Amino acid sequence: MEHTVSATDLTNIQLIEEDEVKEILRNVAVILATPKGSIPMYRRFGLDMSFLDKPANVAKNMAVIPVREAIEEWEPRATYKDIMLSTDPSNPGKLTFTVQIEIKGRVFSVPIRSKEGVAA
């Protein structure tokens with residue numbers, strides 16, 4: 001069963017989540033939406049977004065390791081499986097990364113979306 005979570009659609013966060021799967025997906029979305037170094041006193045948290053503004057093929061290759069490391073470090077209940085890239089036809093030059101994760105044998109998809117986008 002696959003789930004998709006938008007990293008930028010974090011308005012419906014529940015801090016006390018009763019469903020463990022929803023909690024893990026929320027945590028991964030928060031990790032992917034948070035640029036590394038942007039949280040005072042917690043500078044290591046988040047994702048190294050140095051892949052922003054790079055050509056699509058370069059951005060995808062640059063994103064794999066930071067995404068995997070961030071998920072492994074900050075949400076140990078999730079395992080990185082794959083990263084996929086898609087373009088937004090309504091906004092040329094903007095790319096959306098979808099991260100596939102596994103939770104205790106289940107596979108989910110979590111897109112990475114940034115406010116800046118990724119230039120193609």
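Visitor: How many salt bridges does the structure hold?
Guide: The model is predicted. Pairing here needs a side-chain nitrogen of Lys or Arg within 4 Å of a carboxyl oxygen of Asp or Glu. The number of salt bridges in the structure is 6.

Visitor: Which residue forms a salt bridge with E23?
Guide: The closest N and O atoms of the pair are 3.6 Å apart. That falls within the 4 Å cut-off for a salt bridge. The partner of E23 is R77.

Visitor: How many residues apart in sequence are the parts that E23 and R77 tie together?
Guide: E23 sits in helix 1, residues 20–33. R77 sits in the loop between helix 2 and strand 1. The pair therefore ties together parts whose separation in sequence is 54 residues.

Visitor: Is E23 buried, partly exposed or exposed?
Guide: Buried means under 20% relative accessible area, and exposed means over 50%. E23 has 23% relative accessibility, so E23 counts as partly exposed.  Its partner R77 has a relative accessible area of 28%. For E23, the class is partly exposed.

Visitor: Where in the chain are E73 and R44?
Guide: Their side chains meet in a salt bridge, 2.2 Å from N to O. The pair links distant parts of the chain, 29 residues apart. E73 is in helix 2, and R44 is in the loop between helix 1 and helix 2.

Visitor: Is R44 buried or exposed?
Guide: Its salt-bridge partner E73 is partly exposed, with a relative accessible area of 35%. R44 has a relative accessible area of 55%. The cut-off for the upper class is over 50%, so R44 is exposed.

Visitor: Which strands hold E102 and K81?
Guide: E102 and K81 form a salt bridge, with their closest N and O atoms 3.0 Å apart. The two residues are 21 apart in sequence. E102 is in strand 2, residues 95–103, and K81 is in strand 1.

Visitor: What is the relative accessibility of K81?
Guide: E102, its partner, is partly exposed at 21%. K81 is partly exposed too. The value for K81 is 42%.

Visitor: Which residues do salt bridges with shared partners join into one network?
Guide: Some salt bridges share partners. Those bridges make one network. Its members are E20, E23, E75 and R77.

Visitor: Where does the kink in helix 2 lie?
Guide: Helix 2 covers residues 56–74 and reaches 26 Å from its first C-alpha to its last, close to the 27 Å expected. The kink is about 30°. It comes shortly before the proline P66, at A63.

Visitor: Which residues in helix 2 are buried?
Guide: An α-helix has 3.6 residues a turn, so residues three or four places apart point the same way. The cut-off for burial is under 20% relative accessible area. In helix 2, the buried residues are A59, A63, P66, V67, A70 and I71.

Visitor: Which residues touch the most other members of the largest nonpolar core?
Guide: This core has 23 residues. Helix 1, helix 2, strand 1 and strand 2 each supply at least two of them. Those touching the most other members are F51, V67, I71, V99 and I101.

Visitor: Which element gives the largest share of this core?
Guide: From the N terminus on, the elements run α-α-β-β-β. The largest share of the core is 6 residues. It comes from helix 1.

Methods. Residues are numbered from 1 along each chain as its sequence is written. This is a predicted model: local features need pLDDT of at least 70, side-chain atom pairs count only at pLDDT 80 or more; totals for chains, interfaces and linings use all residues. Side-chain values use heavy atoms; hydrogens and water are left out. Helices (H or I, at least four residues) and strands (E, at least two) are DSSP runs, numbered from the N terminus. The expected span of a helix is 1.5 Å times one less than its number of residues. The bend at a residue is the angle between axes fitted to the seven residues ending there and the seven starting there. Buried means under 20% relative accessible area, exposed over 50%, partly exposed in between (1.4 Å probe, protein chains only). A nonpolar core is a set of buried Ala, Val, Leu, Ile, Met, Phe, Trp, Tyr and Cys residues joined through side-chain atoms within 4.5 Å.
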